[in-house]
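Please open the model in your viewer and keep the sequence panel beside it. The stops below each begin with something to select and then say what is there.

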Amino acid sequence: MFLPILFGFLVGVALCLTFGTVFFALIQNSVDNGFRSGLKIVFGVITGDTLFVLAALLGTAFIPKVQGFENLMAIVGVLFLTAMGLVNIFKGTPRLAYPKTRFGNFVYYFTTGFFLNALNPVNFVSWVAIVAYIRSHLHYTMAQQYGFMIAALVGVFVTESALAYYANRLKRLFTPRVVLIFNRTTGVVFLIGAANIAYNRLLEPLSKAMNW
């Protein structure tokens, strides 16, 4: 049981070090607004990942089939990432009206992390692929599968929390010029993510359906 847990933890760490939208949003918010804001984003991300892992382990048969639901989620994801990308590129740092109450503040950052993670179909596909691999190739028992995936989630949480902590600790290195470059880079990453979802989930299936 030790090896599945160890491998699961390492997989969780590796998933966090792919420089995607969540990575850049986490670093940016931690630098701009402190470690606690980054940690709230992490809670949102880990909640989304937990739902993905449960769906991958238990199967998706219990999820009601809604006509066009996947396409709708893809469209929402494209709009969400495009909006965040444009804000970062043209305004440098997104200055939204942050809620003043503790609860409102938590909800804002939590939902940011959750939607950045959940609206990218690649994340769900990744967890499903991991579960399929440990079942078919590594032949893990059910207990080992749960141990592996729980350890992977712990790895995600620990790594992203560390990223948020050290990003804020290195805040003094982020001069106005560095922040401007970083924010614009973040915006480009968001737009690339939106384009990727639009092509793979919307344009390509449409092209195949119409024989283009």
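Leaving aside its neighbours within four places in sequence, which residues is glutamine 145 in contact with? Select glutamine 145, which has its place in helix H7, and display its surroundings: the contacts are Leu57, Ile134, Arg135 and Tyr140. Because its relative accessibility is 5%, below the 20% cut-off, glutamine 145 counts as buried. Please bear in mind throughout that this is a predicted model.

**The whole chain**

Now zoom out and colour by secondary structure, where the protein shows eight helices and zero strands, so that a cartoon view is a convenient one for the rest of the tour. Of the 212 residues in the protein, 39% are buried. Among contacts between residues at least 6 apart in sequence, 84% join residues at least 24 apart.

**Helix H3 against helix H7**

Select residues 35-58, which form helix H3, together with residues 142-169, which form helix H7. Their axes come within 9 Å and cross at roughly 165°, and because angles over 145 degrees count as roughly antiparallel, H3 and H7 are described in that way. The crossing is right-handed. To see the contact itself, show side chains on both helices: the residues of H3 that take part include Phe35, Leu39, Val42, Ile46, Asp49 and Val53, while those of H7 include Gln145, Met149, Leu153, Phe157, Glu160 and Tyr165. By class, the residues of the contact of H3 with H7 comprise 16 nonpolar, five polar and two charged.

**Helix H1 against helix H7**

Keep H7 in view and add residues 2-16, which are helix H1. Here the two helices pack at an angle of about 40°, with their axes 6 Å apart, and H1 and H7 are therefore oblique to each other. This crossing, too, is right-handed. On the H1 side, the residues that meet H7 include Pro4, Phe7, Phe9, Val11 and Cys16, and on the H7 side their partners include Phe148, Ala152, Val156, Thr159 and Leu163. The contact of H1 with H7 has 14 nonpolar, six polar and one charged residues.

**Phenylalanine 110**

Next select phenylalanine 110, which is found in helix H5, residues 102-118. Is this residue buried, exposed or partly exposed? Its relative accessibility is 21%, and phenylalanine 110 therefore counts as partly exposed. Not counting residues up to four places away in sequence, phenylalanine 110 touches Lys40, Phe43, Gly44 and Thr47. If you draw a distance from its C-alpha to that of isoleucine 46, the viewer should give 9.8 Å, although the two residues are 64 apart in sequence.

**Helix H2 and the glycine after it**

Move to residues 21-33, helix H2. At 1.5 Å a residue its 13 residues should span 18 Å, and because the end C-alpha atoms are 18 Å apart, the expected and modelled values agree. Colouring by accessibility shows that H2 is mostly covered, with eleven of its 13 residues buried, among them Thr21, Phe23, Phe24, Leu26, Gln28 and Asn29. Step on to glycine 34, which follows H2 and has a positive phi, near 100°.

**Histidine 139**

For the last stop, select histidine 139 in the loop between helix H6 (121-136) and H7. Its phi is near 55°, a positive value in a residue other than glycine. At 58% relative accessibility, histidine 139 counts as exposed.

Definitions and conventions:
Residues are numbered from 1 along each chain as its sequence is written. This is a predicted model: local features need pLDDT of at least 70, side-chain atom pairs count only at pLDDT 80 or more; totals for chains, interfaces and linings use all residues. Side-chain values use heavy atoms; hydrogens and water are left out. Helices (H or I, at least four residues) and strands (E, at least two) are DSSP runs, numbered from the N terminus. The expected span of a helix is 1.5 Å times one less than its number of residues. Buried means under 20% relative accessible area, exposed over 50%, partly exposed in between (1.4 Å probe, protein chains only). Contact means heavy atoms within 4.5 Å. Axes are lines fitted to C-alpha atoms, for helices over the stretch in contact, and angles run from 0 to 180 degrees between N-to-C directions. Angles under 35 degrees count as roughly parallel, over 145 as roughly antiparallel, 65 to 115 as roughly perpendicular and the rest as oblique. A crossing is left-handed if the near helix is turned anticlockwise from the far one by less than a right angle, and right-handed if clockwise. Ala, Val, Leu, Ile, Met, Phe, Trp, Tyr, Cys and Pro count as nonpolar, Asp, Glu, Lys and Arg as charged, and the others, Gly among them, as polar.
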